[in-house]
Amino acid sequence: MTEGFDCAGCKESLYGRKYIQVDEGPFCIPCYDAQFANTCDECKELIGHDCRELYYEDRHYHEGCFRCFRCDRSLADEPFTCQGEALLCNDCYCREFSSQCVACKQVVMPGSRKLEYGGQTWHEHCFLCSGCQQPIGSCSFIPDQQDYYCVPCYESKFAPRCTHCKKSLTKGGVTYRDEPWHKECFVCVGCQTPLAGQQFTSQEDQPYCIKCFGSLYAKKCNACEKPITGFGGGKYISFEDRHWHHNCFSCSRCTTSLVGKGFIPENEEILCRECAGDL
């Protein structure tokens, strides 16, 4: 006796009928579709076994139902984007949601390399330096009104130039006589020692460190013969063609300070009144 060959769903004989074999057993086509077919998320109808089924994020579609929400174009073989519950082809998504490049006025496609600054968007290859016209890319840039410059072009066009070396001065520096200098360029004319942050003076508009200025131009103290620079709170006294540091101006005999006191010159000496009276 031949064993029965029945549908696992409706129990009807499958002899001479199309069926689909699954783990639970053989099913006739109507039973298979009713029990195993997915429902199309668009038209809400079953997706039969003989239909091409498309699947996206737990949602199932007939091939003909998988279409752009805006233009109704088939998305079966097209790139697409999901915006909320709506499926959009790239063209519709770009027109509605993508930015427009400020330079070329074309849409900046999703996933493409771009640059955003000041609420505006550029394709990476469209964001050019206003000076050299080369793409700035991921390099640093400096805005100037409606223009954008790479750092070398900005420095060349706008940065002040050092009075000494004539190269761009971008940060720091020293101002002397209303002119900019690199710190390393602002040096003593005499010994080339850097003067930035140091006391210095000038002679005929040329900067000198205190030591060089004292050696070359300062008056010499008549007592100690060292330069009288007047720096560091140093005061000095002059009499005729002779000069003294404040603390060097004392009686040549008794060394009493003569600052603020009367004194009497005696040849090369200066004397207090007492020592002068003993002569």
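**Isoleucine 136**

I began with isoleucine 136, which I found in the loop between β8 (120-123) and β9 (141-144), in a model that is predicted. I looked up its accessibility and noted 4% relative accessibility; since buried means under 20%, isoleucine 136 counts as buried. I then listed what isoleucine 136 touches, not counting residues up to four places away in sequence, and wrote down Phe127, Leu128, Cys129, Phe141, Tyr148, Tyr149 and Cys150. I also checked isoleucine 136 against arginine 253, 117 residues apart along the chain, and found their C-alpha atoms separated by 79 Å.

**Confidence**

Before going further I looked at pLDDT, which averages 84 over the protein chain, with 96% of the residues scoring at least 70. Confidence is highest in strand β10 (residues 147-150), at 91, and lowest in α2, at a mean of 78, and I kept that value for α2 in mind for the entries below.

**The largest nonpolar core**

I turned next to the largest nonpolar core, which has 15 residues, and noted that those with the most contacts inside it are Cys40, Tyr61, Phe66, Cys68, Leu75, Leu87 and Cys89. Two or more residues come to this core from each of β3 (53-56), β6 (86-89) and α2 (90-97), and I recorded β6 as giving the most, with 3 residues. As general background, I noted that nonpolar side chains in soluble globular proteins tend to be buried together.

I took leucine 87 from that list and asked myself which residues it is in contact with, leaving aside its neighbours within four places in sequence. The contacts of leucine 87 are Tyr56, Tyr61, Phe66, Arg67, Cys68, Phe69, Leu75, Phe80, Thr81 and Cys82.

**The largest pocket**

I looked up the largest pocket and found a volume of about 180 Å³. Its lining consists of Asp41, Glu42, Arg59, Tyr61, Cys65, Arg67, Cys68, Phe69, Asp72, Glu85, Ala86 and Leu87, and the elements that give two or more residues to this lining are β4 (59-62) and β6. I sorted the lining residues by character and they divide into 6 nonpolar, no polar and 6 charged. Leu87, Tyr61 and Cys68, which I had already written down for the core, also appear in this lining.

**The two helices**

In helix α1 (residues 29-36) I found Ile29, Cys31, Tyr32 and Asp33 buried, and I noted that what covers them includes β1 (19-22) and β2 (25-28). In α2 the buried residues are Cys92, Tyr93 and Cys94, and their cover includes β5 (80-83) and β6. I read the entry for α2 with care, given its mean confidence of 78.

**Two aspartates with positive phi**

I looked last at backbone angles, and stopped at aspartate 178, which has a positive phi of about 60° although it is not a glycine. Aspartate 178 is found in the loop between β11 (174-176) and β12 (179-181). Is aspartate 178 buried or exposed? I found a relative accessible area of 76%, and because exposed means over 50%, aspartate 178 is exposed.

I made a second entry for aspartate 205, also not a glycine, with a positive phi of about 70°, in the loop between β13 (200-203) and β14 (206-209). At 41% relative accessibility, I entered aspartate 205 as partly exposed.

Definitions and conventions. Residues are numbered from 1 along each chain as its sequence is written. This is a predicted model: local features need pLDDT of at least 70, side-chain atom pairs count only at pLDDT 80 or more; totals for chains, interfaces and linings use all residues. Side-chain values use heavy atoms; hydrogens and water are left out. A nonpolar core is a set of buried Ala, Val, Leu, Ile, Met, Phe, Trp, Tyr and Cys residues joined through side-chain atoms within 4.5 Å. Buried means under 20% relative accessible area, exposed over 50%, partly exposed in between (1.4 Å probe, protein chains only). Helices (H or I, at least four residues) and strands (E, at least two) are DSSP runs, numbered from the N terminus. Contact means heavy atoms within 4.5 Å. On a 1 Å grid over the protein atoms alone, a cavity is a set of points where a 1.4 Å probe fits but cannot get out, and a pocket is an open set with protein on both sides within 12 Å along at least five of seven lines; lining residues have an atom within 4 Å of a point. Grid points are joined across faces, edges and corners, and a volume is the space filled by probe spheres set on the points. Ala, Val, Leu, Ile, Met, Phe, Trp, Tyr, Cys and Pro count as nonpolar, Asp, Glu, Lys and Arg as charged, and the others, Gly among them, as polar. pLDDT is the predictor's confidence in each residue, from 0 to 100.
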